[in-house]
Every structure is written in C-alpha cells, then in structure tokens.
Amino acid sequence: PQPIFRKDYRRPDYTIDRVDLRFELGEETTRVHATLTVRRLDGAPQAAPLVLDGENLRHVSVALGGRELSAGEYVVSPTSLTIPAPGAAFTLATVVEIRPQDNLELSGLYRSSGNFCTQCEAEGFRRITWFLDRPDVMARYSAVVEADKAKYPVLLANGNRVATGDLDGGRHFARWDDPFPKPSYLFALVAGDLRCFPGEFVTRSGRTVRLEIWVEPDNIDRCAHALRSLQASMRWDEDKFGREYDLDIYMIVAVNDFNLGAMENKGLNLFNAKYVLARPDTATDDDYDGIESVIAHEYFHNWTGNRVTCRDWFQLTLKEGLTVFRDRLFSADMGSPAVARIGDVLALRTNQFAEDSGPMAHPIRPESYIEMNNFYTTTVYEKGAEVIGMMRTLLGEAGFRRGMDLYFERHDGQAVTCDDFRAALADANGVDLEQFGRWYSQVGTPVVRARGEYDANTRSYTLTLEQAPPRGRTSAELLHIPVAVGLLGPGGPLPLKLSGETAAGADTRVLELRERSQSFRFEGVPAAPVASLLRGFSAPVELEVERSDADLARLMAADPDAFSRWDAGQELGRRVLLRLAADVEARRPLALDRAFVDACAKIVADPGLDGSLKALALTLPNERLLGQHQPVVAVDALHEAREFAVQALAAALREPLLAIYQSSAPQGPYRIERAEVDRRKLRNLALAYLVTLGEPELVALAVSQFHLADNMTDSEAALACLIDHGGPERDAALAEFHRRWHKDPLVLDKWFALQAASSHPDTLERVTALADHPDFNLLNPNRARSLVGVFGVRNQHQFHRKDGRGHALVADKVLAIDPHNSQLAARLVAAFNPWRRFDPTRQQSMRAQLERIAGQPGLSKAVREIVDRALA
Ligand code: BAL
Ligand code: ZN
C-alpha cells in the first residue's frame, strides 16, 4: 500500500449536503439504502467523475436523479463506486448489502453481545455505504433504522427521534434526524436490547436536555457515576468555555467489543463499557477517574471536533490534542490539579517519549500515513495536548479563552486545520505564534539544557537555557518553549525579579526560550538558590541540568510546586536506581542510598502532603522509564535493582508504613470522595511495600484485605500484592476472584491484567497458560489487551526475557488476531517498536519475530505499516 501525504491534500470536487439512510437490519444480511444530495463544488471540472469510497460492500443498485443506472453507466471496484460526470447537482441513491455479524474489525456496522452498533472514525462509514468518506464533507443526515422488534427493541441514531412505528413481520422502525451538518465519521447507529439510565441537564439558557445512558439490562446499577460525570462536564464547558449543548438529547451506549475508549458521534456517543460502568465492588478509584475523564472528553468533542471538525486526518490533533487538553483541565478542576498533572506527565514520559524516540516517531500533525488508525497515538493525543497547554501558558487563561472564542466564532460548522486554530489564538491576542507553529511539524522530544550561576557580589543568579535537537537527531529548528522556573532560597521560595524590572513578582516565572541559548538574570537573590525548572512540566522536553542529589532532595522536600516536588523525587529515585543497576551488572553488593531513604522517610512523615501525592512520591520510577535513560536497556539489572530498592525501602520504613496501614483502615462503606481516595491510595501503597518483605503477618494483611474489602480498589490492590508474592496465597486469591467475577467481563479483564503485569518470575509461564484459558478471547479487544497488551507493553522484564519466549508469545497473538481485527493487532505489535534499544540477543529475538510477522501472507496494511517502520 502507498502512503498518503499531507502535502497532497486536495479539496473534493463534490460535496454532499444531505444523506438519507435506511437500514434494514437482519441476522444474515443488512441492506443499506442511501440517498445522497450531491453538489459539484465551484472550480471543479464539469467532467469530474464522482468517486465514492466503499469497503466490503455488496453493491446492489445505484440510481442517479431517480433513474436506475445500468451496468455500463458506473464502475464498481472493491473500494470505489465511480459515476463519470454526473452533473452539477443531483441525488444519488444506492443500495448495498453488508454482513455486520461477520465484521470482527469492529469498524463500520458490527455486532457486539448480540446488538448492532457502529464505529466510523476514521474510515468506517465506507464499510456501511458508498460515500465521500472524508471529514471535509459535512452533510445533514436522517436515518431510518428497521429491525426485529423483539430482538432489538431499542433503535438509536444521531440527532432527534422524529418518528417510530411498527412494520410487518414483527419489525419496527425509528427515524432520527440530525440537524447539524457532520462528517461521516460521526455517524452512529445502535439497535439492541438495552436499558436506559435517564437523567437531564438544564442548559444555562434554560433548555432541558434529556440524558440517556444505555446499557445491557444487568448493568443498569452501574451508570450513576457516568451520568454525574456527564452532567458535571456539561456544566463545566458552559462555565469555562461558554459552550452549551445543542441537541435535545444526549445518549451514551456502553459496548463490550470496542477498539477505542469511546467515540464522540453526534448526540450518540458509543463507549467501551469500561468507561461507563462503575459500581464500588466492580470498579477501582482509577476506573472512576477514567470514566469521568473519558465521558468529559467525548462530551467536549461536541464543540472541539464535531461543531468544528478536521479538514483531513493529518489534522487529527486539532480535535484530539485540544480535547485531551480540555478534559485534563476538567479533571484537574474536579480533583487535585497536582495529582492529575503528575499522572499525565508520567504517562507522557513513559509512553510518548518512547514513541518519539522509536520507529513510529511522528509530529503531532503527521506528514504521511498508510493506515490512519495507526495514528491515533499518544503523540497526536497527549503531546498534542501539551502543545495546546504551552499556548495557554504563553497566552494566559484569559488570552486562551479569547482565542477559543474566536476559533468557534470563525469556524463553527467548518472542517479546518491546525493552522486555523493557531491563527485564531494569535489573532485574538495580537501575538505571533509563527515560531510556535514548529511544534506541529517537529519530530522527537527536544532537549533543554539549563545552567545556573550565582554571583554573591551582585546578589544575582543567571540562568542559561539552551535548546538542542532530540536525542539521536542532529538538527532541529528552533522552537518557542515556555520554561516555568522558580528559585528556592534558604528560607523558601524567592519572589522573582528579572534584571530590568522594578519590583519582584510571583515566585514562578515563565521564561520564553526562542533562541538556541538565552540567559536570564534574576536580581536580589540573597544566597545561592536551587532552581526549580520546568514547573508543572511547562513544555514536553527532556530537561538536562547538573544538580546534586542534595539539591534534588531539597526540592523534593520543599518545592512549593507540588508537581516539581514529585519530579525532583523521581529524578533522585532514577539516579539511585540506575546506580544500583550498574552495581548489579558489576556484581557489586547492593545498598540503598541512605539520603534517598531519608528523603522518602520525610515524605512519609510530611503532614502537608495528601495521601495520593505521598503515594505518587513514594512510587519508584518504573522499569520502562529507567530503561529510557540507559544507552542499552539493561532489562535484568534494572529489574533486580528496582526489586531490591523496593524491598530495602520497605525494610527501612517498615514501622511508619505499618502505622499508616493500621491507622487508615476504612471507617464505613466505600465512598468515592477525594479524601477517601487519598486514604486508599496511601494505604494500598503501604501494603504493597510491606508485602514485599514476605513476612507471614504482613502477607496476612493482604489476604485479609482481599477477603474483607467491600470495594474493588482495595480488593484489586491486595490481589496485586499477592500475585507478586506468589505461593499458595496467590493461588487461593486468584481462584476466589475468578469464582466471584468470571461472569463479569470488565472485572475478569482485571484478573488477566494483574497476572500479565506481575513481577513474579513465573509470569511468562502463567501468561502462556492464560492465553489458553477458556475465558480468554482474542477477538474481544479489552480481553486481548488485558493479557497480551499488558504483558507486551507494561511488563518489560518478562516480555523481554532473554530466551525470547515472551516475544514469541506476543507475536503469535498478533498473527492470530490480525486476520480478524487488524487495528487491534497493529496496537499490540507496537510492543516490538523499541527493539533497537536492547542488547544484541534481545534485538535478534525481536527482529526475528518482526520478520516472521512481516513475512506472513495476507498481513493487514495496519500491521504491515508498523512492522515495516520498525524494521526500516
Ligand atoms: N475520536 C476517537 C475517540 C476519541 O478520541 O474521542
Ligand atoms: Zn477524542
């Protein structure tokens, strides 16, 4: 397959103003009737053919302006329907047949748990009917859905339900009209046996919107959190961005088989059930947070994505980076901004930085793709959100809002580009964001080097910042980088005064780095300070700065910026662990750095930190992050070093950790409240440390918590400890968990995932056996990800076992999944992307698997694109 290039974008010759659809849903065959109202665009050649996209369609008929065309008047290929010179304005009516029950790609119209549902982003609509399946074709849609009434009592589509009724043969129909023009990727349809969890929202202009969460009947008691999250999102978007909802109804449907997290179809969101369903005994605190943020994300798309959409798929970050950024602001407002920011940065560094330095590195606005679905990446989403965040930092909150208002005012109802967005922000604020625009085209993680010099005579501190190309690249254009800094004096944070200013201001300043190197002189600095750099992670860069362990320990204890405190602790922890890994490799005796233990002890005892922040501060950097800081990832040494450090820390802090554990037992039933979440986070972290000591009475704490917990957070945390511990306690707990939850797919996913992530040395054998477990199902994306995805991506030590069996296992599953669901297989095969970062034996093993996959006849273009890039 040939790549598609951004530079080759051409507007279409035709557009479609109206789409009238009729679906005859059937068990064997589904018929789709589509009437398109088509118009040739100004400037297009009169003789331009109309070429509609299609995939896996059985063509039945086509009529132009009411006249059925004969075979010689059009051309059908496996991927297109061409009408030569159809005219300037006309209707085109097509009929096709499709087989949703055979659609395991889960793209287009497919079946999940017996129900019909759709997923059309990015290019799924062409698997439903012939269409100009590109986001810059925006049309008004109506959809009539017909199905057996007993089997599919609920019939949903986008917009407002305008008619329903019975048909012959026990069938019925519903007609839905969507008044807003939309691209085809936002089309949705659902038919099934579902129950509604209803609610409402009164908009600030006084309109009542009906809210409906549709789930399988058994799940009706798991919808309250999703509904609350939706209502909170709707209010927040009004308060913070002045954006009101625009239809009379907003529906969310939970689907068990879903490739993504969720999908923002206009007025009818389809969700992976994982991001809807929550009950205290089935969902963890993190699940609750995940639901809140994904519900918000999809809701926010109504304006950033749906009302204003993307001109072409290269612009995906226009809607995704921006909407992730908006859902992050929301989550920060709903909970703890520092905890939210730490979680985001940890994920960015672990996943996106790795992507940015591997074979799939691409700018947030890619220049080319073979399979668009491969570019729904952490770079487009999370780095894209960082880029939006930097613009907000540069413009300030009010300036950003001005820019957003102008963006909506200019582009409502249009399909636009990232440049249009940036222009709105710049124009609304009278600023120049030209240089900043390079963030959209540059690949890789830039490096910022910092160096500070204190002059006691002038009581000044000069900070020099330099930008350098990403590691492994020799050149890069100069970027516009906001670097938030603070200075810590002996008595605490210093008010900052740059040379030339008359008075000192706040204790955090945003310095704008635009040159290769710039110096900033702070005055009135009473003594040599410790610089706190990149506060709040003000730019997605790698910071290089020489500072002592003691400086880091000081920042870890006293930086007023909670993010930077955590970050300093992570850097210190990373140094300690990398030194330990070097000791392992040199066969030197291991000893945990005393100063680091002391710094951790201070965190444990700090009354000013909440439990979540303490738990984050006391969690050592993961092995994948550590590996990023080694020239060749020392898989075994890193694992041994980290395991040693965890145990040594547990031994050193045994008493205070035990005291925390014992003094913070739950008082009453589970409540999803911030203070309770904090309490559970810290208590479960204490338990995790304590169980590593292997003392029977400490292991018994986990056993007892596992049995007594009234909620999944505590139950899962205890089970994770026992799985890592091994032995009969593990086997008993796993058996018990399975017995209790084997009929509950989302909870059973946890059972698989916990075992796949385990640090226990027998994990590979267990994962191999689990792949043959009767409850394992390769074709369900959540299940496949919970075992194969978690093992391949999150378990560095076991996946990269030197004997290559971990690699073979994941490759086997990729090959087994690819013929059915190439999108899922392409996600899983990405586990091999970092193969060049390992030692020769592991490289050889991974390369052999990549070559085996590449040599597979009939490999999908999605997987081929990933493996070809990996091997290139
Ligand atoms: N648009 C795909 C799913 C999401 O990012 O919301
Ligand atoms: Zn999104």
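A polar side-chain atom of Glu-121 lies 2.5 Å from a nitrogen atom of ligand 1, and that contact is a good place to start a tour of this predicted model. A polar contact here is a pair of N or O atoms within 3.5 Å; within protein, one must be able to donate a hydrogen and the other to accept it, and residues adjacent in sequence count only if both atoms are side-chain atoms.

Some ground rules before going on. Residues are numbered from 1 along each chain as its sequence is written, chains are lettered from A and ligands numbered from 1 in the order in which they are written. As this is a predicted model, local features need pLDDT of at least 70, side-chain atom pairs count only at pLDDT 80 or more, and totals for chains, interfaces and linings use all residues, while side-chain values use heavy atoms, with hydrogens and water left out.

## Ligand 1 and the zinc ion

Glu-121 has company at ligand 1. A nitrogen atom of the ligand is 3.2 Å from an N or O atom in the side chain of Lys-319, and an oxygen atom of ligand 1 lies 3.3 Å from a polar side-chain atom of His-301. The protein covers 95% of the 220 Å² of accessible area that ligand 1 has on its own; areas come from the Shrake-Rupley method with a 1.4 Å probe, and for residues only the protein chains shown count as cover.

Which elements give two or more residues to the shell around ligand 1? They are β20 (262-263), α2 (285-300) and α3 (316-334). Helices (H or I, at least four residues) and strands (E, at least two) are DSSP runs, numbered from the N terminus. The surrounding residues, counted when a heavy atom lies within 4 Å, include Leu-260, Met-263, Glu-298 and Tyr-381. By class, the shell has four nonpolar, two polar and five charged residues. In this scheme Ala, Val, Leu, Ile, Met, Phe, Trp, Tyr, Cys and Pro are nonpolar, Asp, Glu, Lys and Arg are charged, and the others, Gly among them, are polar.

His-301 also serves the metal: the zinc ion (ligand 2) is coordinated by His-297 (NE2), His-301 (NE2) and Glu-320 (OE), at 1.9 to 2.1 Å. Donors are N, O and S atoms within 2.8 Å of the metal (3.2 Å for Na, K and Ca), and water is not among the atoms, so sites may look incomplete. In sequence, the zinc donors follow the spacing H-x3-H-x18-E. His-297 and Glu-320 belong to the shell of ligand 1 as well. Are the two histidines buried or exposed? His-297 is buried, at a relative accessible area of 7%, and His-301 is buried too, at 0%. Buried means under 20% relative accessible area, exposed over 50%, and partly exposed in between (1.4 Å probe, protein chains only).

## Salt bridges

The model has 91 salt bridges, each a side-chain nitrogen of Lys or Arg within 4 Å of a carboxyl oxygen of Asp or Glu. Three of them are set out here.

| Salt bridge | Closest N and O atoms |
|---|---|
| Lys-319 and Glu-121 | 2.8 Å |
| Lys-266 and Asp-246 | 2.7 Å |
| Arg-842 and Asp-636 | 3.0 Å |

Lys-319 and Glu-121 form a salt bridge that links distant parts of the chain, Lys-319 being in helix α3 and Glu-121 in the loop between β11 (115-119) and β12 (139-148), 198 residues apart. Lys-319 is buried at 1% relative accessibility, and Glu-121 is buried at 5%.

Lys-266 and Asp-246 are both buried. Arg-842 is in helix α24 (residues 840-854) and Asp-636 in helix α12 (residues 635-652), so this pair ties together parts that are 206 residues apart in sequence. Arg-842 is buried at 2%, whereas Asp-636 is partly exposed at 37%. Elsewhere, salt bridges with shared partners join Arg-547, Asp-549, Glu-571, Arg-575, Arg-579 and Asp-593 into one network.

## Other polar contacts

Asn-259 lies in the loop between β19 and β20 and is buried, with a relative accessible area of 12%. Its side chain makes a polar contact of 2.8 Å with the side chain of Asn-821, and one of its polar atoms lies 2.9 Å from the backbone oxygen of Glu-105.

His-33, in strand β3 (residues 30-40), is buried at 18%, and its side chain is joined to that of Glu-24 by a polar contact of 2.5 Å. Gln-667, by contrast, is exposed at 63%.
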